Amino acid sequence: MDGNGRWAKRRGLPRSAGHRAGAKTFRDMVRYCKDIGIKNMTVYAFSTENWKRPKEEVEAIMDLLRSYLKDAFDHREEEVRCLILGDTAPLAPDIVALIKKLEDESRDCKQMTLNIALNYGGRAEITHAVRELAGQVQRGELAPEEITENAISEHLYTAGQPDPDLIIRPSGEYRTSNFLLWQSAYSELVFMDVLWPDFTRRDLDRAILEYQNRDRRFGGV
């Protein structure tokens with residue numbers, strides 16, 4: 001969900017205003033994706049590198065996260081399962097408690113799974129998975145030759161979920177920025193020159209239409 005800061009700067013507003021506008025877009029996109037039948041949605045909310053941003057901006061993002069997590073409890077009827085991808089250890093204790101409560105209470109929701117990548121990095125995720133597997137080998141629970149692609153997938157934050165079919169990068173940037181590196185091996189990528197707060201349902205429709213017109217061969221012919 002990229003481009004919040006630039007959106008605010010172009011309007012002479014503080015970066016926090018861009019994040020608030022982006023949060024509104026996020027809520028609308030979640031509802032729209034559920035309504036059109038998308039079963040799995042992952043949004044990149046805060047990366048492991050985003051801690052380098054000014055303290056005030058990080059605090060504003062965390063306050064928005066608190067607001068969303070609390071708001072989600074009032075929308076249980078939407079039947080959206082919420083999961084956090086990433087290392088939650090550095091987050092404030094009240095945010096960690098809200099995350100645990102939301103994950104527990106939405107566990108049996110069936111309409112859609114919403115993954116929020118928070119303090120997330122693709123390389124860090126793979127490193128975490130490899131360390132878990134190495135620990136199993138060290139304890140004699142797993143032989144090295146039993147480390148397969150499936151074994152690695154089962155130790156990622158997205159274990160049990162399908163790999164993404166489509167990844168959309170807004171804001172005019174042409175890179176995936178450490179997002180779902182393992183899972184995106186065969187994802188279709190769509191780059192769009194629209195800042196996230198300006199991203200609309202029509203933009204999502206355009207991205208899905210482009211995806212539908214692609215020929216996915218997965219290495220075959």
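**View 1. Helix α2 lies across three strands of the predicted model.** Residues 15-35 make up helix α2. This helix lies across β1, β2 and β3. Against β3, helix α2 runs at about 145 degrees.

**View 2. The span of α2, and what comes after the helix.** Helix α2 has 21 residues. From its first C-alpha to its last, α2 reaches 31 Å. That is close to the 30 Å expected at 1.5 Å a residue. Next, look just past the helix: α2 is followed by Gly37. The phi of Gly37 is positive, near 95 degrees.

**View 3. An open sheet of 3 strands.** The strand order is β1-β3-β2, and the pairing is parallel. Two strands sit at the edges: β1, residues 40-47, and β2, residues 80-85. Each of these edge strands pairs on one side only. From one strand to the next, the twist averages 20 degrees. In general, strands of a sheet pair through backbone hydrogen bonds, and the pairing can be parallel or antiparallel.

**View 4. The pairing of β1 with β3.** Strand β3 covers residues 112-120. It is joined to β1 by 7 bridges, and the two strands run parallel. Find Val43 here: this residue stands opposite Ile116 in β3.

**View 5. Ser16 in helix α2.** Ser16 has a relative accessible area of 21%. Buried would mean under 20% and exposed over 50%, so Ser16 counts as partly exposed. Now compare positions along the chain: Ser16 and Asn4 are 12 residues apart. Their C-alpha atoms are separated by 8.3 Å.

Notes: Residues are numbered from 1 along each chain as its sequence is written. This is a predicted model: local features need pLDDT of at least 70, side-chain atom pairs count only at pLDDT 80 or more; totals for chains, interfaces and linings use all residues. Side-chain values use heavy atoms; hydrogens and water are left out. Two strands pair if DSSP finds at least two bridges between them. Helices (H or I, at least four residues) and strands (E, at least two) are DSSP runs, numbered from the N terminus. Axes are lines fitted to C-alpha atoms, for helices over the stretch in contact, and angles run from 0 to 180 degrees between N-to-C directions. Contact means heavy atoms within 4.5 Å. The expected span of a helix is 1.5 Å times one less than its number of residues. Buried means under 20% relative accessible area, exposed over 50%, partly exposed in between (1.4 Å probe, protein chains only).
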